[in-house]
There are 6 protein chains.
Amino acid sequence: MFTDLPEEALRRWQSRLRRPDDFDAFWATTLSDAREHGLGLAVHEHPTGLATIRVQDVSFRGFGGDTIRAWLRTPAAASRPLPTVVQFVGYGGGRGHAEDALFWASAGFAHLHMDTRGQGAMWSPGSTADPEGSGPAVPGFTTRGIEAPETAYYRRLVVDAVRAVDAAAALELVDSERIAVLGFSQGGYLALATAALQPRVATAFAFVPFMCDVARAITITDREPYREIGRYLATHPDREPAAMRTLSYLDGVNFARGARVPISFSTALMDATCPPSTVFAAHNAYAGPKSIRVWRYNAHEGGGLLDERAALARLHELWGR
Amino acid sequence: MFTDLPEEALRRWQSRLRRPDDFDAFWATTLSDAREHGLGLAVHEHPTGLATIRVQDVSFRGFGGDTIRAWLRTPAAASRPLPTVVQFVGYGGGRGHAEDALFWASAGFAHLHMDTRGQGAMWSPGSTADPEGSGPAVPGFTTRGIEAPETAYYRRLVVDAVRAVDAAAALELVDSERIAVLGFSQGGYLALATAALQPRVATAFAFVPFMCDVARAITITDREPYREIGRYLATHPDREPAAMRTLSYLDGVNFARGARVPISFSTALMDATCPPSTVFAAHNAYAGPKSIRVWRYNAHEGGGLLDERAALARLHELWGR
Amino acid sequence: MFTDLPEEALRRWQSRLRRPDDFDAFWATTLSDAREHGLGLAVHEHPTGLATIRVQDVSFRGFGGDTIRAWLRTPAAASRPLPTVVQFVGYGGGRGHAEDALFWASAGFAHLHMDTRGQGAMWSPGSTADPEGSGPAVPGFTTRGIEAPETAYYRRLVVDAVRAVDAAAALELVDSERIAVLGFSQGGYLALATAALQPRVATAFAFVPFMCDVARAITITDREPYREIGRYLATHPDREPAAMRTLSYLDGVNFARGARVPISFSTALMDATCPPSTVFAAHNAYAGPKSIRVWRYNAHEGGGLLDERAALARLHELWGR
Amino acid sequence: MFTDLPEEALRRWQSRLRRPDDFDAFWATTLSDAREHGLGLAVHEHPTGLATIRVQDVSFRGFGGDTIRAWLRTPAAASRPLPTVVQFVGYGGGRGHAEDALFWASAGFAHLHMDTRGQGAMWSPGSTADPEGSGPAVPGFTTRGIEAPETAYYRRLVVDAVRAVDAAAALELVDSERIAVLGFSQGGYLALATAALQPRVATAFAFVPFMCDVARAITITDREPYREIGRYLATHPDREPAAMRTLSYLDGVNFARGARVPISFSTALMDATCPPSTVFAAHNAYAGPKSIRVWRYNAHEGGGLLDERAALARLHELWGR
Amino acid sequence: MFTDLPEEALRRWQSRLRRPDDFDAFWATTLSDAREHGLGLAVHEHPTGLATIRVQDVSFRGFGGDTIRAWLRTPAAASRPLPTVVQFVGYGGGRGHAEDALFWASAGFAHLHMDTRGQGAMWSPGSTADPEGSGPAVPGFTTRGIEAPETAYYRRLVVDAVRAVDAAAALELVDSERIAVLGFSQGGYLALATAALQPRVATAFAFVPFMCDVARAITITDREPYREIGRYLATHPDREPAAMRTLSYLDGVNFARGARVPISFSTALMDATCPPSTVFAAHNAYAGPKSIRVWRYNAHEGGGLLDERAALARLHELWGR
Amino acid sequence: MFTDLPEEALRRWQSRLRRPDDFDAFWATTLSDAREHGLGLAVHEHPTGLATIRVQDVSFRGFGGDTIRAWLRTPAAASRPLPTVVQFVGYGGGRGHAEDALFWASAGFAHLHMDTRGQGAMWSPGSTADPEGSGPAVPGFTTRGIEAPETAYYRRLVVDAVRAVDAAAALELVDSERIAVLGFSQGGYLALATAALQPRVATAFAFVPFMCDVARAITITDREPYREIGRYLATHPDREPAAMRTLSYLDGVNFARGARVPISFSTALMDATCPPSTVFAAHNAYAGPKSIRVWRYNAHEGGGLLDERAALARLHELWGR
């Protein structure tokens, strides 16, 4: 069943989220602080049984100089810079196994698949730590450090994502003029955030993105992970203003308002995890060229491979085949 | 939590299933009938956006001469016969999209991914019809035609799987001396059945296989799809003997008792869909060289990619790299 | 809780479903094709332990000439043509046991209880096969053959229902001027369809009917069996137009628009299986004399026996007692 | 799935329940007290739309002289005493509508369908009050008055059942030499209790009976209504001895130990509401001629109509047709 | 997620409930009848291991002269009349253990914690019987005696609550000019009812109250205990008018319309048990000084201790510290 | 229903867990490291509306010198050192509100209620941060740092608990010869651990303790929080040996084997969260004087207040009243 407003209303939906006056300054400072740690790029061949795809184990410095891991998958025969997809992972998962997610490299792209700090234990393995702790938090990641924008988990993760693009651009097999960012759910949110924050991004694909119009999301769904935030506020009702302030620096809608590169969204009308009005909130607020694919009968899987196939077609359109 | 017997007991577990005296004759007749329809092999290039992998749309004649579809994925550069994996799909799914499941072709294999008749609408798309109807049946596939071995849905599907190997062997890019069969769940069952019925199979991988020791399975789990059979018997208790007779011609345990080629099983101790004692029933009954990988903390996903990675290592061992 | 719109809105609700221009032609052809197979009526005494009710096992030719079974229950003492109720069964069930459903015969009616092809294994037994297979389909019946009106399962079932009335009219103990059709859920849908298609029907009772305003139903409920269609469309989003076209030939709303005989509907405001707006869609579109009984606090059971008791009172009103 | 011990173990299962020394005295006193209120039998024609069945609204005095209602259904043409089935209803339901449950009267029996005091609002309507209150109790009936045998709800209900047989025997259309008692679940329990306490009972049918080996039942299932008792004991752990003492006067196993008339049980191996070991506990303890039908794949519905059909066959065997 | 209307709409929400003309007369008669039994106050020291709090076991005569129990908790050192809180318990619970709920006595108040007749077995123990039985009712308390206002369970319970305040006022350590009533859920409802009916009440705290705008509540939630009423009406649809009439004498909204003392409500926007529009219905109808605290992210726990802390602050404000 | 072995088997149950040879050394080093940070005790009056209880906000240095918060509740009139209960909180909760948990202070004890680092947002608020991050972990706390004993979350938490007793002993109102530790679930585990590690503990109360025989627990229950560990191992099966090694340094069974002070356990036979065999594993291994209270019909709430009341009685026994 449809989980949200009728499609006509979705297309007109405007988030009531306020954008902090110092939103851009906050992120500018955050990123310049992070960049002071240097990139620390390291690339190691990772042996697999694959023949057509080469996998390398990449690490770079993310937020606070912390080491972030990623897989670089490329066509085995590639020797020149390739158009590139930097992919971010959904909530709870890590970069997975070296042999996972062969689509983009098989399509002739360099594919940098970033690990997610501290995650990577729910449904796909990761190997990147989050060395930062937090105040009282609901099991999960969304409420860690929610007391202030400075301590929020997602601030760290967004920085990692921006730095992943820096890392990509520094790789030999990457054509730094042709970098796209892409992800589903939490990964779609990071694609949206990097579209706004990272000038090296040429285009973005935010499929069924998480962390958009959060203040609304937590009132219209009981599904995890948005539910974590509701639990936190039920236990700490006095901290609602602080938490809402923190979230306003992290919300995908506020990234959308400042972004300029072309972006493709997808959303699913039966998605109860990231309800479509929260995705439309980001899409409708997006300041650059944009499109959105609506999956009428799908849930949070969205279009799945069909979203990726469309992204590939779009990239062929932009950059030739 | 563990869903079945302790591991020590599993290793000793013997199914009480009887093997019909005419089991081998039944299948010999069934297969020779099916082969009278000819193979009707057709192969068409299927355009995708992929670069390192070539996809072809294959069709051949399965049970009753019905048209069965499959994807053939090969390394784009391949021109000589390759070691080959014929893969069968889990319950409810179809062969999926052309760009799915790139692992085996990326590993340098020919990969024939057989569609499942009538399925392919629950979680991955298919395009193969099952033109046969059935008597009264529970929504699903396991009880269609359960009145008699001759009318049973799984008889048709097993024939399709055997013929898929015939089809593979007839393909130019397939080295017919190096054909493995592989699958998870229903696909693992079909791998086991073809290991027993199809002499062209060199080795088999039956991961968390379905349809083994069915008479026990339906008494120890309430999960679909085994639950379908319990529902049928609750509504038609008078047909239990006939249904059990039918199932005895289809049960993976009885295939295992007649099989001779090396096989690798996997099972998961927290699998409530295909409980481990039913998998061990097949493993322990298997008449050829065999091994089994036990995933202690996994559910029906079993080892997932790790099962496939192990299969790849095993094939490298058998056939060189 | 109420599962749908407020009652005032329900009473005004108009489905947006389009009626195909050739809807009537499609069914006219379908029925004349079916009638070419002849009726093939066969009636056998069925011994039971009952004393006041006689049960006969009836069969006739339905769609494609396929054999359809039914129970004929009559007062044991009856020797002259009786007013008659032809009843259709809800989803998943069959005609049940001979000794089930004694209400109508005990009330002095001939009661022809039609079996449902291929169903009859979920909650009540049946013995009628559906010899037709299908393309990829979700476990269940609603998506079988959904690719085209010609192949759809419900086309076959509607024909069976129309032919059941032909069969009833040909029975000695049936007064062919006094035939009512009746059913709950799927059975209510078939009563509605036969009210539109079968001129021998004098009046109809469509209680909590299924398959009305399907395009809306699948967006407002997650319950089976409507959920099957949503699953199909999630896996085959490209086939939505074809599926919606097929459904437009089958939808109860389109039957309602062409029907002329008096009909009594019922619906329940807490019904999440066949939500009330979908029933009102059919009622409000119905072109003949009509009434609807609203059960405020019931779920999909509707009024149950109270619906049947009201039907009996209505028939006494129409035909005397 | 099977909800209890393997069938071989069930057949040997012996309850550890102790039988109070004054069990028989307790019930003798209880019944003679009840009988002091006189029977107060009243019979009124109840008009329905039925033709072959006559329905009368019966009332009599049960425990404490309270008025208990019942339906008497007989073949419309009957004028001489008939073999009779007194039926008791499952937990939560009442005697239902006059037109419900036509099987026995249609089979030529007098059918006295006793209402259940205070129940009759969950799934079928009743019209009999329970004027007695209780101490603190879990919502439901099992823990009302559980402090002592004298105050227990089920003491009252068992008396009503015994008196229903007295009432039946006093009815003109009842052949008092041919009275059977029958029921499912709570109704099966009451059939068992009356088999032990009421000498007018010629034979009994206790299908999937409730309230047997209760001390075990509450440790092996979480389903309602047994769960009520566990909830009570969790909140009032200090009252466990008193509650267990009370239950020992009510437990079907203790009735079984004192019963002598032939009885037919049924049980279902997938019944999680009244697990089969609790039914076998009663069967194995039963002191008279006995049989048990085991439904392997059914849940708490047991054999449903098939149990009743078997009961009819058995009565034909005993009493002729 | 929010379970009801947006907050703006809630603030304007007006129940459509009609107030019976004889509402006040009904309750005046009911209370004067009850008072004819006298108060029968009894107070016994109850030994505990506590040092700062003294606990006494109180009993008094409630509805029909039935004995009602309560705990009286006071600061151990208190010797003069204290400001007092009379607290009522939520559905299913009893007054609990002597050592429970130490907040009010620790704050220097006399705390009379009334037991709930017949309840006290679901989650906290009670020791007060409800000697009245009922007609057919759904397991639980809401539908007992729902046939008429005179027989309704909640009539008895409201009388008990009113009499509890009479009892409090008669206690030595209670300052009868400073009595507040307080409760959560069912307890909040009783606080509201006593605010309207009992002139000795100085102020009331109705937190997340139950039994308000019941006719609406049962259409917007499926949670127990409101669900009991829907079940009853589904089984007894003919009794809807009588049941609705009965409820109109019990509904918190109708108490609110006649109340004059200051009251503090709380409600939670994620409360699915007592949805916020039903609480606002009472608040908006309340005829005296009133306030409402809205917990945005909480469910039926409401503010929990924070509600009580606010009540304490309010009482300090009213009565000094 | 019972969730584990029969009680007789529980009483004999021996965990197969191995105790690392350097278990004692590991903890000795860990604690001496922690103590190098000094205690940093700070105590501030915390104003509440309470009259009989005084609340102070305490902080001290726990693991790594991190600041740990606690409430100190004492009888308002106390001026001399009191017998003391140090209480630890269950999983997900924090020390709660100042006015919560008044039992121990009302009983005349000093009550130090320790906050739980990083928790305190699920069901009761906390205000203590855990500044340490972790490698990939499942949402929750059990798998944080599970790679090695040195990095494990529970190592830090156990140290905090040990230091809480040091802090208690340093408080003016605490009689350092009469310190008991107490908790439910996670709190019970910490009581057990401090009983083993902290010589200042005179006696301990471990009610329904968590983190005992973890290797078994994760195979017999699917409930959170044990489920977290199973999820981790399903995603990282290669890390099972490391994780099991880590857990062996943290498991309550291994603390039990080295403990000497008297302890009282409780367990509940219907507890599916901390199944009774895991509690008996600790009890049966406990090297000092011990007792265990078995709640037959309770779930994870165990005896609740009744466990605390028994603890109070025991302390009165030990220390006088």
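# Exercises on two interfaces of a predicted assembly

The area buried between chain E and chain C is about 860 Å², and carbon and sulfur atoms give 58% of it. The structure is a predicted model. The exercises below treat this interface, then that of chain F and chain A, and lastly some local features.

**Exercise 1. Determine which residues of chain E lose the most area to chain C, and how many residues are in contact on each side.**

Solution. Begin with the contacts: 12 residues of chain E meet 9 residues of chain C. Next, turn to the buried area on the side of chain E. Thr219(E), Ala234(E) and Pro237(E) lose the most area to chain C, and together they account for 45% of what that side buries.

**Exercise 2. Describe the polar and charged pairs across the interface of chain E and chain C, and then assign the chain E side to its elements and residue classes.**

Solution. Step one is the salt bridges, for which the rule finds 1 across this interface. Arg296(C) and Glu240(E) form a salt bridge in which the closest N and O atoms are 3.4 Å apart. This separation satisfies the criterion, because a salt bridge requires a side-chain nitrogen of Lys or Arg within 4 Å of a carboxyl oxygen of Asp or Glu.

Step two is the polar contacts: 5 residue pairs, both residues at pLDDT 80 or more, are found across the interface of chain E and chain C. Step three is the assignment to elements. Helices H6 (214-220), H7 (226-235) and H8 (240-248) of chain E each give two or more residues to the side that touches chain C. The largest share, 4 residues, comes from H7(E). Step four is the class count, which for this side of chain E is 6 nonpolar, 3 polar and 3 charged residues.

**Exercise 3. Identify the symmetry relation between chain E and chain C, and state which residue of chain E comes closest to the rotation axis.**

Solution. Any two copies of a chain are related by a rotation about an axis and a shift along it. Here, a turn of 120° with a shift of 0.0 Å along the axis lays chain E on chain C with an RMSD of 0.0 Å. The relation is therefore that of a three-fold axis. Among the residues of chain E, Thr3(E) comes closest to the rotation axis, its C-alpha being at 7.9 Å.

**Exercise 4. Characterise the interface of chain F and chain A by contacts, buried area, pairs and contributing elements.**

Solution. First, 31 residues of chain F are in contact with 31 residues of chain A. The two chains bury about 2100 Å² between them, 60% of it on carbon and sulfur atoms. Second, the count of salt bridges between chain F and chain A is 0, while 10 residue pairs, both residues at pLDDT 80 or more, are in polar contact.

Third, strand S6 (130-134) and helix H7 (226-235) of chain F each supply at least two residues of the side that touches chain A. S6(F) gives the most to that side, with 5 residues. By class, the same side has 13 nonpolar, 13 polar and 5 charged residues.

Fourth, consider the pairing of strands. Strand S6 (residues 130-134) of chain A pairs with S6(F) in the antiparallel sense over 3 bridges. Within S6(F), Glu132(F) is the bridge partner of Glu132(A).

**Exercise 5. Deduce the symmetry relation between chain F and chain A.**

Solution. A turn of 180° and a shift of 0.0 Å along the axis lay chain F on chain A with an RMSD of 0.0 Å. The two copies are thus related as by a two-fold rotation axis. The same surface serves both copies, as 100% of the contact residues of chain F recur in chain A.

**Exercise 6. Locate the cis peptide bond from Glu224(A) to Pro225(A), the positive phi of Ala101(A), and the salt bridge of Asp130(A) with Arg117(A).**

Solution. Most residues other than glycine have a negative phi, and most peptide bonds are trans. The bond from Glu224(A) to Pro225(A) is cis, with omega near 0°. Pro225(A) is placed in the loop between helix H6 (214-220) and helix H7 (226-235) of chain A. Chain F likewise has a cis peptide bond joining Glu224(F) and Pro225(F), with omega about 0°.

Ala101(A), although not a glycine, has a positive phi of about 55°. Its place is the loop between strand S4 (82-88) and helix H3 (103-106) of chain A.

Finally, Asp130(A) forms a salt bridge with Arg117(A), the closest N and O atoms being 2.8 Å apart. Asp130(A) is in strand S6, whereas Arg117(A) is in the loop between strand S5 (110-114) and S6 of chain A, 13 residues apart.

Note on methods
Residues are numbered from 1 along each chain as its sequence is written. Chains are lettered from A and ligands numbered from 1 in the order in which they are written. This is a predicted model: local features need pLDDT of at least 70, side-chain atom pairs count only at pLDDT 80 or more; totals for chains, interfaces and linings use all residues. Side-chain values use heavy atoms; hydrogens and water are left out. Contact means heavy atoms within 4.5 Å. Buried area is the accessible area (1.4 Å probe) that two parts lose on being put together, summed over both. A polar contact is a pair of N or O atoms within 3.5 Å; within protein, one must be able to donate a hydrogen and the other to accept it, and residues adjacent in sequence count only if both atoms are side-chain atoms. Ala, Val, Leu, Ile, Met, Phe, Trp, Tyr, Cys and Pro count as nonpolar, Asp, Glu, Lys and Arg as charged, and the others, Gly among them, as polar. Two strands pair if DSSP finds at least two bridges between them. Copies are superposed by least squares on the C-alpha atoms of residues with pLDDT of at least 70 in both.
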